[in-house]
Amino acid sequence: MTLRKLLLSTALVGVASAASAEIKVGFIGSLSSDTGLSTLRGAEMAIEELNAAGGVMGEQIVLVTADTQEDVTEGVKAYEYLAETEEVDFVISGSIDDVSLGWLPRMQEYQIPTLDTWTSYIGIIDMVVEDPEGMAPYFMNIASDEALATLYINFGADVLKAKMGFESVVVLAEDTAFGEAITGLVTEGLAPVAGIEVKEVITYDIGTVDFAPIFSKAESTGADFIYQVSSVNSQVISSQYVKLQVPMAMTGVNVSALGLEYWEDTGGAGGGISTLSPVPSVGFALDPVSQKFVDDYQAKYDSRPKMPHFNGFNAYYGLKQAMAAAEEAGGFKDVAAWSSAMLKQDLKLEKDGKLWLRYGFWDYDTVEPVTNRTYPHNALFDLEAPYDFAQPSMVVIQWQEDGTVGVVYPFEYANSEFVLPSWVK
Amino acid sequence: MGLRWYHFALWAAFAAGMFLLPEIVPRGTLRTIIFANFLAIFAISWDTLSGRTGYVSFGHPFLIGIGAYTTAILTKRFDVPVEISIPLAVLMTMVGGLIVLLPALRIKGSYFALVTLAMMELMYQLVQVIRPDLTGGTRGMSGLPTLTRGAVNGFYMSTALMLSIAFTTWLLMKTRLGTALSAIGMNEEAVAGSGLSVTRLKLVAFTASAFTAGLGGAVYVHYLGSIAPRALFDINFVFTIIVAALIGGAGTTIGPILGAFFLTFLLEYLRPWLPGAERYLIYGGVALVLYMYQPKGLIYLMGQAVRRVRKGAA
Amino acid sequence: MLQVLIQGLLLSGLYALIAVGFTLVFSVGRVLNLAYGAYLLIGGYAYFYFAQSLGLPKFAGVLLAGILGCVIGLVKYRLIVKPLKGDQVAIEIATLILAVVLQSAVILVFGDSSKILLPIIPGVERVAGAAIPYSNLFAAVASWVILLALWWFVKTTHTGRAMQAVSMDAKGAAISGVDADRINMITWAISGTLGAVAGVFFASYTQLYPGMWVAPLIIAVAVVIVGGIGSIIGTLIVAHIVGFLEVMTSAFIAPELRGVFTMILIIGILVLRPKGLFGREEI
């Protein structure tokens, strides 16, 4: 039977690719997005440096990749491929939220040490809280979205209310779970903490072609500014905001503005847009170690992204930490030992004598003082000035109309000032 | 009925061959076969309705989605055990599908294709808007109970399911009903003229198709452990199902299985060499060329080859 | 109110332009070209490449996009539609596969991150609380002009009348000496050109991304179903129904339900009046 012949030939190829003595790292993420490439390249550079220094436990590290196409089912297949065909020791992920959620059950099944560098979904950290054993191999080295939103409220109080004098807001949120979560957190915090009244929450569909009616609706609420929440197709809403010259300030979350290519991709039609960003973001001043990473990166790669997104840094430092944890735990096989070694990793980077970036993880018991909850296996972050425990969970960056970008909040990290677009009076 | 002993012998040999695989192939390959099995189930379901009767559905994920979402919501939100939720999901697919698509069966040809496409789009939008607390909205749901753990168990489960669905469908199509359905595909007026109720025949085909889609969708979601509207109600998913059925050979039972395995393995084999989007370019290109070369599919090409060899031997 | 009217008119003009190329092939050749959205994809990216990356004049960008669309339309007809000899289902499937192939090709060349087109004409006018970007106004006006020119072409020229004849009765037209193959080829070329030009305008409204062929295809399908195949004027009217439905849903009900009503309209019409609101007419 021909079908069987086909399957038998599969078997032969499978046997041929059996592993030799080396440490195998699997990358999971989209190979054609800037996000995915940032993680991939961050990992590649870390591996190159480690191999040049003699490898880990005397073995060289090899990297295999599995593309997710940012599709949930492809993500599951990709994880299975890494786990069962390639039999990797460690997985580094540049997956978006729903893709990570898709393969997480597989990770729990295979118990392969895994580091997520992009998704910030707090629901995954909640899974670590509920099932510490099953989730032991999982780490997320970006501050979770809840921490991002919490600090963002302070931006509302310190800048939007105190400096700009804004009293009321209309929220324009995309109809996604991410949008829902962030909107909920922000609307709950804006009134009590920042003293800004939420006039209305307008939810829009991510396939929206024309935002003119939605902006008209927002204007008619009489609010002082628009708070946007947009992770999918965010360029559309921001470029239409600029094209339509909507006469209100707009700030919030705009995921597309997180990369240096934003300016080129929008053809400059994105000035005035500000967004919260995980650290280190574009426009963020870098400590010497991170700056060297960026310089090496730019010497090595000449295609986009020109500058790694935050997850590129996360992958670079995180992969080294994972390998250090493996040295300590005698490899990746003993997941519990690796997990506790990983939890103890702590990298402090300083700039001008001040703690600038810190790569480490929350343990199971420490309660974060502002939100009053635990964040096991999530990246360390700080929600209070002067940020001497770790870096803030997020910064607010703004693209100016001349194409420059800088951090506007928190003030300790700011290198430019929050301004209104020229057409807003 | 045209049933012969060697038909059953071939089925038995096929099943035996499949069940022997875990002894010879590595686990990674088994995982690939699992996805091929599910794709085969969906392709068989599509073929039962579209391949036979010529009513091409572009919205098959609509049916699969009803099954998948019903069991996902029942198990996740109401803690219903899987043994109860899967049959309910199948029932729901048949009933829901009938209510919604029954009026559409009056429409012929391209318009039927369009209305099913619209139905899928509608479902995609509604799932995200209506009761996101139940459906999980855009992000979908994860952490659903899984039926099996490990590649080998998943392989046995999906293979058993695929084989029983394929065998049942094959038997059904060997009856006079199957012949009548194929006749609709060739000439609906003639069937009506011969005194058969075309509507009732179409209804049976649709119900059988919905049953398979619902069952496949429900089990699939408990295999994946998660569900997301973007991956489910997607024109690329429709594409994969239809192409599997057609590349293999529409209007047959073994064709969709063959197509599903061929395409799934093509995609997996390309992975080590072309990890990125190039894979889909080649995948689509191969599918297009094969389809243009022989719309009757691989099964026909293989039959032709066999005939040629026989002729050469004679 | 006036604001809804303005926004509705602008969006509907664009939708009419998107739908008309699809309708044309459907009524003349009786085939659903599911790769129609790919013209918009290719057109949008071609304009981006020529006008934005290479910095050619914008008009040249639109022109080159149109030419590319025309060529793809012709190639598609020669290599896919003609060999399948009018087998509707086969053509639908083959074009669907083609659309996916083209999408992957775009990802390979341009990557999968979204891109924004610069306004074709920068600037914005505010009327009665509605902002009218000159670009959108230009897109709407251009699509009206193109549609009227097409209508004039079909009604008055020899070729146009031959197209009408083929769309009404292909066999009859063949008997009376019309070369149906040539007419079909012309129709596919026009459809490709219109699709690619619509792609430039569509992308300048929203964004360029590799999956952008699906949304316009759905719009075109909606217009064809609701309008019934045929008539350019019918297409224009129905594009306005669909466009206004969307703008009014956003303004008065809830923006997230934007597409839901369009889909319900499609399904309702198909089930109740399978031939569409305007039935079958010649183009």
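**Close-up views of chains A, B and C**

**View 1. Two domains of chain A sit with their C-alpha centres 30 Å apart.** Like every view here, this one shows a predicted model. Domain 1 of chain A is built from residues 21-143 + 289-346, while domain 2 takes in 146-283 + 393-413. Where the two touch, domain 1 puts in 14 residues and domain 2 puts in 16. Look at the domain 1 side of that contact and you'll find seven nonpolar, three polar and four charged residues.

**View 2. Chain B meets chain A, with 36 residues of each chain in contact.** On the chain B side, helix 1 (5-24), helix 2 (27-53), helix 5 (109-129), helix 11 (229-232) and helix 13 (254-270) each give two or more residues. Helix 2 of chain B chips in the largest share, at five residues. Sorted by class, this side of chain B has 17 nonpolar, 13 polar and six charged residues.

**View 3. Helix 3 and helix 10 of chain B pack at about 50°.** Helix 3 covers residues 60-78 and helix 10 covers residues 198-224, and their axes are 7 Å apart. At that angle, helix 3 of chain B is oblique to helix 10 of chain B. The crossing of the two is right-handed. Helix 3 brings residues including B:Gly65, B:Gly67 and B:Ala68 to the contact, and helix 10 brings, among others, B:Gly214, B:Gly216 and B:Gly217. The tally for this contact is eleven nonpolar, eight polar and no charged residues.

**View 4. Helix 5 and helix 6 of chain C pack at about 80°.** These are residues 134-156 and residues 158-168, with axes 5 Å apart. The two helices of chain C are therefore roughly perpendicular to each other. From helix 5 of chain C come C:Phe153, C:Val154, C:Lys155 and C:Thr156, and helix 6 of chain C answers with C:Gly160, C:Met163 and C:Gln164. That makes three nonpolar, three polar and one charged residues in the contact.

**View 5. Chain C carries spans annotated "transmembrane region" in an unreviewed UniProt entry.** Among the residues covered by that annotation are 6-26, 89-111 and 257-274 of chain C. Residues 6-26 of chain C are 100% helix and 0% strand in the model, with the end C-alpha atoms 30 Å apart. For residues 89-111 of chain C, the figures are 96% helix and 0% strand, and 32 Å lies between the end C-alpha atoms.

Key. Residues are numbered from 1 along each chain as its sequence is written. Chains are lettered from A and ligands numbered from 1 in the order in which they are written. This is a predicted model: local features need pLDDT of at least 70, side-chain atom pairs count only at pLDDT 80 or more; totals for chains, interfaces and linings use all residues. Domain bounds come from an automatic or database domain assignment. Two residues are in contact if their C-beta atoms, placed from the backbone, lie within 7 Å. Ala, Val, Leu, Ile, Met, Phe, Trp, Tyr, Cys and Pro count as nonpolar, Asp, Glu, Lys and Arg as charged, and the others, Gly among them, as polar. Helices (H or I, at least four residues) and strands (E, at least two) are DSSP runs, numbered from the N terminus. UniProt positions are given in the numbering used here, feature names are shortened, and annotations may be inferred rather than shown by experiment. Axes are lines fitted to C-alpha atoms, for helices over the stretch in contact, and angles run from 0 to 180 degrees between N-to-C directions. Angles under 35 degrees count as roughly parallel, over 145 as roughly antiparallel, 65 to 115 as roughly perpendicular and the rest as oblique. A crossing is left-handed if the near helix is turned anticlockwise from the far one by less than a right angle, and right-handed if clockwise.
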